[in-house]
Amino acid sequence: MARRRKRSPLLDGSGKRWTLAAAGACLLPLLLQLPGHVALGVGGLGLMGAVVSLRVDLPAWPRPLLALALFGLVLANYGFHFGRDTGCALLAAMLAIKPMELRDLRDARSLLGFALFAPFATFLLDQGPLSLVLGLAGVVLALMAMLRVSELESMDRGPAPPDRPEAEARGAWRRLRIAGRLVAVGLPLALAAFWFFPRMASPMWGVPDRAVARPGLSDTMSPGEWIDLMSDDSPAARVKFDGPVPGPHQMYWRGPVMLDFDGRTWKRSEWLAGLPPAQVVPGGQSFSYEIEIEPTDRRHVVALDLPLAAPADVRMSRDFSMTAPRPLSQLRRFNLRSAPPQAFEPELPDMLRRLALRLPEGFNPRTRELGLQWRAEAGIGPAADEAIVRRALQWVTDEFAYTMATPLPGRHAVDEFLFDQKAGFCEHYSSAFAVLLRATGIPARVVTGYAGGYRNRFGDYWIIRQMDAHAWVEAWLDGRGWVRVDPTAAVAPERIFDTLEDLPQAGFDVFGNMAAARDLGDWLRRGWNTAFLGFDAARQRQLLAPLGVRDLGVAQLVILFSALGGLALAWMLWLVARGERERDPVLRAWRRVGRRYARLGLGPEPHEPATAWAGRVVAADPAAAKDLATLSARFTDWRYAGRKADPDAALALARDLDAHRPGRRTALEDPT
Amino acid sequence: MRSRWTEPGGRGPAARLQLLARPRQPEPLPVEFDRRRIYVLPTWFGLFFLLLLLTMGVGALNYNNNPALLLALVLAGTALASLVSAHLQLSGLVVHAVNAEPVAAGRPLMLRVHVRADPRRPRRGLRVESGDSAAVLSLDRGAGDATVEVPTTVRGWRHPGRLRISTTRPLGLARAWSWVWPEKPQLVYPAPEAHGPPLPLGAGDNVQARLHPAGDDVHHLRPWRRGDSRRAIAWKPSARRDSLLVREYEEPQGADVVLDWDELSALPREARIQRLARWVDEAERDQRRYRLVLPGQAPIGPGAGPAHRHACLRALALLPGAVEA
């Protein structure tokens, strides 16, 4: 160990700069995925270590202590939960400490090796365009730094003095070109493996979840918690309809359905999720579409209200919300059909009815009182239920307002909302409405998901953004089953159905152009998603579907991969052969002649001039080498007499050389 | 010092593997490297990189994470391409001469390796190794040379053994190398005796003894050249010739020195050779004419100058019976 350390040459300034720049570039996209303060701490420490190690060699002893302290801090930040993000943060911390030990080539190489893990870790957390571009830049820089380190190892001082800035810049360009060429040469093999190497249909081990979840739909909902989610304009899903498109008021994307209410939080009922889907009488109109769900940490699959059937290996529960067996940590695509129901669970079992009416004791007394009062006024029966629902909707339409600025709820959150504030957003409305309906004796539940969508004009598909997250109420009415009631839409329809698409019509021309650019950007991203991010075992099996081969098996994939990988490798070998080949056709032909004679034991010696060799061959075997003397004279003429001989003569010479065989007279030279 | 790769006679698996490497016997130069004699194997860093890629690949396949998978695959492809590139750094390289100035035994032989190649492909930072000595070889406009040290112990012909030309460029993931085993040996002079008696001068009955004219005699005149001392100018002849002439004096020279093998019969054989070698050097240093008489050969000289010295030392070096001390 000591011996190797002594042997490994020291880094010079430029080598250190390259290595540190590459490590920094690799680390950057990872830092962007970490929580702000962790990223700042780790990044700041890394930067400090890098700057210091450029100037002085640090002693070794503080490093393990520093590493332990930093790891401890990072773990504490994640509350000692070990998740995917914790692992990535630890990797970032390690990368930040590593530059402090940057002395010789070995240090540089191990730093570069670990740095290449950073883009990998980034892609596990996020696959957006920014991460991809930054990751790619980091990888290219790392390759260039590896080139620089290798140049150092070879102790080549280079053609120009290396300390001049323009020489450095030229070196950078050269290295970029070399790195680009290496990547280009390796790319066919990489792509063959990417498309054809058999993918795993299900993972060997689970993807560790994040320790800190990103905002998104979940199994619970308590009013006021979606503030972050509703200002997030990143896409949640993209939908392409095949055939008719639902109108804007039908675009409700069903997610988790909440039945249990504890006074503050709505919760998805676990045991209900295990029951088979309820009975539904579908309406006449149906929509078929393909929905592409962006990666999340959750298992919820959203679908247009109301999906007819769940896709393969996705479970649909009694309330028609769907869950995948694993978190959708990758882009997933589902083909679905939905139809607005005519009757949704027209027979409600007693057990479920009781659950859908249950209100916790000791919460929201004013609302319950109002409910009882309304029920007393309306009477009993299906018509009365509908009247109550209409009355409630009328009430919110007349007296309530939409706002995102809501105070923190107290104990009787629904009371406060209905009687004091009279303003809020979808979470408040749906929660209060469901409680109010339950208080009047109408079974009600809260449905979360997305509402609306924005049509992309380039790709003719619809984007659902995180900010379209929505919560509404389903009330059970006799004969119709569960009926969607959306109090928020009654109050502020523009907040629900109107989207960015309407803004250009408001007269902002500049905004219109920006929207077009946005459309184009998202369209490109969707194309990328389709071709690349969404590729999985299922898509792989259909890879040759356009050629009429459906459902490729693993064996066929292996064969295809071997064939294409072999082709790519053959291409590399061809590059080698081409690199080795003599470029001049005349010289090439001359060497072939030499090899033919070598088979007879009369090959030319490396140092032997052409005419001397021909003389020797003719002396040894006059019959075998009738024309060799002439040919060698012509060859010598071509080679030495005039470099600027006309190319036709050279070609003719090459042809004659190729035609020449020992012991056989060429037709050209022999008229008989 | 023996080295594990330049001496093919060693034992152990490494040495046995060496026997399989091309070339398997000494060969005449020039030698062109082609794919049959270029070897490529990963370095330690390359193995580390491989491990890294495997981890990435398995992780990415497991999570079906396409960007991560493509990253691993592109890096793998790049690594493979770097093997191709390393191979091409060597292939087509022609080692057309390996030579060295003769040195006395015990001093390292400075072996110059001359190489040329097609100038269109840049080849820089190749490493030439012989035993523990290494040098950097960079081709400039298609030609280059490097000097490695080869230790010597005995006089006579020294076979430089196998030379290794290698490179870890471009990425340091793999080392490509090729052997060249020049057939032509290099001459090693005998080591001169460290301390010995002075040149055998006053032997008055030497056959070739001849006195030179006294040193103060003017030998001839020649035209003035830059740097000549002003005192040496012969003013009178210069005036006659209308150009400056300079007097040249002849140095006083002693008698020819005869270095006779048979005179040293008291010494053992190698010691005799060493003393004669020392005397040759001393005579050369004192600018004497000298003659070397060896048994069974025609006497060499009398003469002086580098060519004569080389002839004498060569004859001494090639006397039979050289063994490793």
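These legends describe close-up views of a predicted model with chains A and B.

**View 1. Chain A as a whole.** Chain A contains 24 helices and 20 strands. Its radius of gyration is 37 Å, well over the 26 Å that the globule rule gives for 672 residues, so chain A is more spread out than a compact globule. Along the principal axes, the C-alpha atoms of chain A fill a box of roughly 130 × 70 × 50 Å. Of the 672 residues in chain A, 37% are buried. Take the contacts in chain A between residues at least 6 apart in sequence: 76% of these join residues at least 24 apart.

**View 2. Domains of chain A.** The domain assignment divides out domain 1 (2–156), domain 2 (220–360 + 443–505) and domain 3 (585–659). Domain 2 is thus listed in two segments, 220–360 and 443–505. The centres of domain 1 and domain 2 of chain A, taken over C-alpha atoms, are separated by 44 Å.

**View 3. Confidence along chain A.** The average pLDDT of chain A is 82, and 90% of the residues score at least 70. Residues 500–510 of chain A have pLDDT below 50; this stretch has ten contacts in the model beyond near neighbours in sequence. Residues 665–672 of chain A also fall below 50. For that stretch too, the model holds ten contacts beyond near neighbours in sequence.

**View 4. The side of chain A that touches chain B.** Here 49 residues of chain A are in contact with 46 residues of chain B. Six helices of chain A each supply at least two residues to this side: α6 (105–115), α7 (117–125), α8 (129–153), α9 (165–196), α18 (509–533) and α20 (554–580). The most comes from α9(A), with ten residues. By residue class, the side of chain A that touches chain B has 34 nonpolar, eight polar and seven charged residues.

**View 5. Strand β7 of chain A and its two faces.** Strand β7(A) covers residues 287–293, and its side chains alternate. Phe287(A), Tyr289(A), Ile291(A) and Ile293(A) point to one face and are buried. Ser288(A), Glu290(A) and Glu292(A) point to the other face and are not buried. In a regular strand, side chains alternate between the two faces of the sheet.

**View 6. Partners of β7 in chain A.** Strand β2(A) (residues 235–242) pairs with β7(A) in the antiparallel sense, over six bridges. Within this pairing, Lys240(A) has Glu290(A) of β7(A) as its bridge partner. Strand β12(A) (residues 332–338) also runs antiparallel to β7(A), joined by seven bridges. There, Phe334(A) in β12(A) is the bridge partner of Ile291(A). Ile291(A) is one of the buried residues of β7(A), whereas Glu290(A) is not buried.

**View 7. A three-stranded open sheet in chain A.** The strand order is β1-β5-β4, and the pairing is antiparallel. Strands β1 (220–221) and β4 (260–261) of chain A stand at the edges with a single partner strand each, so one side of each is left without a neighbour in the sheet. Two bridges join β4(A) to β5(A) (residues 266–267). Across this pair, Phe261(A) stands opposite Trp266(A).

**View 8. Chain B.** Chain B has six helices and 17 strands. Buried residues account for 36% of its 325 residues. Among contacts in chain B with a separation of 6 or more, 66% are between residues 24 or more positions apart.

Conventions. Residues are numbered from 1 along each chain as its sequence is written. Chains are lettered from A and ligands numbered from 1 in the order in which they are written. This is a predicted model: local features need pLDDT of at least 70, side-chain atom pairs count only at pLDDT 80 or more; totals for chains, interfaces and linings use all residues. Two strands pair if DSSP finds at least two bridges between them. Helices (H or I, at least four residues) and strands (E, at least two) are DSSP runs, numbered from the N terminus. Two residues are in contact if their C-beta atoms, placed from the backbone, lie within 7 Å. Ala, Val, Leu, Ile, Met, Phe, Trp, Tyr, Cys and Pro count as nonpolar, Asp, Glu, Lys and Arg as charged, and the others, Gly among them, as polar. The radius of gyration is taken over C-alpha atoms; the globule rule is 2.2 Å times the number of residues to the power 0.38. A residue is buried if 20 or more other C-beta atoms lie within 10 Å of its own, exposed if 12 or fewer, and partly exposed in between; C-beta atoms are placed from the backbone. Domain bounds come from an automatic or database domain assignment. pLDDT is the predictor's confidence in each residue, from 0 to 100.
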